[in-house]
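Biologist: Before we discuss particular assignments, I should like each term set against its criterion. Please begin once the model is displayed.

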Amino acid sequence: MSVSTASQTHVFDTSEQLTRQVADLIVERASKAKTRFALCLSGGETPQRLYELLATPTYRARIPWDRTHCFWGDERVVPHDDPRSNFHMAWEALLRHVPIPAENIHAIPTERMSPAAGAAAYAVPLKRFYGADTLDAGRPLFDLTLLGLGEDGHIASLFPGSPALAETERWAVAVMGESPPDRITLTYPVLASSKATAFLVAGERKRAALARVRAGDPALPASRLQTVGTIHWFIDRAAASTPAFSGA
């Protein structure tokens, strides 16, 4: 797969300013999508505030929900009504408040099957939506992918040292024993298949990992993501390595 090294960095004084800029990016990307807008969601505290913002009247009215499709980068293997579920968080913060068709919500299956079976099952709607079994760098799967950054440098549920980091064929895999509960995650090739990727990084606890990723430390999974589109780093001042951090 051909990759792009294009990257843009945006540093904000507060996490609230960060979330508003990401919300504006989502509106912009959704408006530009000609037919369907494919958005890959992330879990975490900063995305939750973003989803709450998108559910407000100001933003809700600016997004074409009838042609927006929501996917997830990873999920904990718990019921969808479990507070630990990424789906549950997105549903409560955003999806139940907006007029998105039920068939446009593509949750990762986590119930009544093993994590491996759930991962295999999730590849089916992904490939159906894409219209092929093999990804083409010239035709990204997602219009926009949202990612957080773990304190250990993980993205989605791709953790340092995990066998999942080496997966190049499967679209989703089970991640077991890394960070309980067990999880299902999209793999690098699928996460990379996005016209744009937005990293949301907020808080002092992310500062060390962010500095290592920006320095290209290959031990951190976030450093190894090479996308077919542009990567946008949305960083608040608390997470920035120094007050003058700007890393172009």
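Modeller: By convention, buried means under 20% relative accessible area, exposed means over 50%, and partly exposed lies in between (1.4 Å probe, protein chains only). The model is predicted, so local features need pLDDT of at least 70 and side-chain atom pairs count only at pLDDT 80 or more, whereas totals for chains, interfaces and linings use all residues. Residues are numbered from 1 along each chain as its sequence is written, and side-chain values use heavy atoms, with hydrogens and water left out.

Biologist: Why is Arg212 called partly exposed?

Modeller: Arg212 has a relative accessibility of 41%, and therefore counts as partly exposed. Asp217, at 22%, is also counted as partly exposed.

Biologist: What makes the contact between Asp217 and Arg212 a salt bridge?

Modeller: The term requires a side-chain nitrogen of Lys or Arg within 4 Å of a carboxyl oxygen of Asp or Glu. For Asp217 and Arg212 the N to O distance is 2.8 Å, so the criterion is met. The structure holds 12 salt bridges.

Biologist: What makes Glu16, Arg20, Arg49 and Glu52 a network?

Modeller: These four residues are linked by salt bridges. Arg20 meets Glu16 at 3.6 Å, N to O, and the closest N and O atoms of Arg49 and Glu16 are 2.9 Å apart. The latter pair links distant parts of the chain, with Arg49 in helix H2 (residues 45–54), Glu16 in helix H1 and their positions 33 residues apart. Helices here are DSSP runs (H or I, at least four residues) and strands likewise (E, at least two), numbered from the N terminus. Within the network, Arg20 is partly exposed at 37%, Glu16 at 29% and Arg49 at 29%.

Biologist: Why are Arg20 and Glu16 said to be about one helical turn apart?

Modeller: They are four residues apart in H1 (residues 15–32), and this is why about one helical turn separates them. An α-helix has 3.6 residues a turn, so residues three or four places apart point the same way.

Biologist: How do you know that the span of H1 is close to the expected value?

Modeller: The expected span is 1.5 Å times one less than the number of residues. H1 has 18 residues and reaches 26 Å from its first C-alpha to its last, close to the 26 Å expected. Its buried residues include Leu18, Val22, Leu25 and Ile26.

Biologist: What makes E4 and E7 a strand pair?

Modeller: Two strands pair if DSSP finds at least two bridges between them. Three bridges join E4 to strand E7 (residues 183–186), so the pair qualifies. Asp74 stands opposite Thr185 in E7. The open sheet has three strands in the order E4-E7-E6, with antiparallel pairing. Its edge strands are E4 (74–76) and E6 (172–175), each pairing on one side only.

Biologist: What makes a residue a member of the largest nonpolar core?

Modeller: A nonpolar core is a set of buried Ala, Val, Leu, Ile, Met, Phe, Trp, Tyr and Cys residues joined through side-chain atoms within 4.5 Å. The largest such core has 82 residues, of which Tyr51, Trp72 and Leu146 touch the most other members. H1 gives the most to this core, with seven residues.
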